[in-house]
Amino acid sequence: MAPPNQALNSKIHEVIVTTINEQGHPHCAPMGISEVNAHILIQPFKPSTTYDNLKRHRQCTINYTDDVRVFAGSLTGRRSWDMLPCQQIEGFYLSQALAHTELEIIGFDDNDPRACFKASVICDVNHAPFRGYNRAQSAVIDAAVLVSRLKMLPEQKIKQEIAYLAIAIDKTAGPRELEAWGWLMTKIKESGIELND
């Protein structure tokens, strides 16, 4: 997910980044990306599968989806999603993506703790209209960011944030959001943090 202190003066978009491994299989990861001077910046943590895949294979796909289960699933060991082959690069995109962007990596800074891959857009493809996130979908994405930082954030902050986000889940969640939320809450409890049910 997006770094907590983004130095660049740009918007961060929470998306699913799909890379391919040495065997040619897709790997999906939720991540915050930035657009700077018409280029996309991808900043995976080191070590990570996305980092390794991008260093080896300099192409990837950005997936835009309103199925927040993909965000939650990627952080809780549920990475098996239906994929389709890309149009102009060697790679895959999510079958439920509302849109996807195919990218070619053109630059790379191997910084710590996050590398920065600079990519140019090969093609943009729209599949279905995006009607915006409801409050529950936004809450799941925010909770996914917290889960990606369980070892970095104070326990009390995580508890406070989850308690606030749970209000939106209670009021506006549908079946997909409830499923995704459940996965994330289980992950948090498994880390040793006790939440108020």
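Select tyrosine 133 to begin: in this predicted model its side chain is partly exposed, with a relative accessible area of 32%. Add phenylalanine 130, which is likewise partly exposed, at a relative accessible area of 49%, and turn the view until both rings can be seen. Phenylalanine 130 and tyrosine 133 form an edge-to-face aromatic pair, with 5.1 Å from centre to centre and 70° between the planes. The structure holds four aromatic pairs, and for further rings one can select Tyr51, Phe108 and Phe117, which ring pairs link into a cluster.

Keep Phe117 in view and add Met31, Leu54 and Leu103: these four residues are among the members of a core of 16 residues, separate from the largest nonpolar core.

Next, go to the largest nonpolar core itself, which has 32 residues. Within this core, select Val140, Ile162, Trp181, Leu184, Met185 and Ile188, the residues that touch the most other members. Colouring by helix is useful here, since helix 2 (69-75), helix 3 (135-147), helix 4 (155-172) and helix 5 (175-190) each supply at least two residues of the core, and helix 3 gives the most, with eight residues. Then centre on valine 140 and display its surroundings: leaving aside neighbours within four places in sequence, valine 140 is in contact with Val68, Ala72, Ile169, Glu177, Ala180, Trp181 and Leu184.

From there, move to the two cysteines, 86 and 123. Cysteine 86 counts as buried at 12% relative accessibility, and cysteine 123 is buried too, with a relative accessible area of 9%. Are they joined or apart? The sulfur of cysteine 123 is the nearest cysteine sulfur to that of cysteine 86, yet it is 7.3 Å away, and cysteine 86 is in no disulfide. A disulfide would require the sulfur atoms to lie within 2.5 Å, and the count for the structure comes to zero disulfides.

Now turn to the charged side chains, where the count comes to nine salt bridges. Select lysine 46 and aspartate 110 as one of these, with their closest N and O atoms 3.0 Å apart. Lysine 46 is partly exposed, with a relative accessible area of 23%, and aspartate 110 is partly exposed at 38%. What does this pair tie together? Lysine 46 lies in the loop between strand 3 (39-42) and helix 1 (49-56), whereas aspartate 110 lies in the loop between strand 7 (99-109) and strand 8 (116-126), so the salt bridge ties together parts that are 64 residues apart in sequence. While these loops are on screen, add arginine 114 and phenylalanine 45: the charged end of arginine 114 sits over the ring of phenylalanine 45, 3.9 Å from its centre.

Follow helix 4 next, where two salt bridges can be examined in turn. The side chains of lysine 159 and glutamate 155 meet at 3.4 Å, N to O, and these two residues lie four apart in the helix, about one turn. Lysine 159 is partly exposed at 26% relative accessibility, as is glutamate 155 at 39%. Glutamate 161 and lysine 157 also meet in a salt bridge, at 3.3 Å, N to O, and they too are four residues apart in helix 4. Glutamate 161 has a relative accessible area of 30% and is partly exposed, while lysine 157 counts as partly exposed at 35%.

Finish by selecting Asp66, Asp67, Arg69, Arg176 and Glu179 together, which salt bridges with shared partners join into one network.

Note on methods: Residues numbered from 1 in each chain as written. Predicted model: local features only at pLDDT ≥ 70, side-chain atom pairs only at ≥ 80, totals over all residues. Heavy atoms only, no water. Core = buried A, V, L, I, M, F, W, Y, C linked by side-chain atoms within 4.5 Å. Buried < 20%, exposed > 50% of the residue type's maximum accessible area, 1.4 Å probe, protein only. Contact = heavy atoms within 4.5 Å. Phe/Tyr/Trp six-rings, centres within 6.5 Å; stacked < 30°, edge-to-face > 60°. Lys NZ or Arg CZ within 6 Å of the ring centre and 35° of its normal. Salt bridge = Lys/Arg side-chain N within 4 Å of Asp/Glu carboxyl O.
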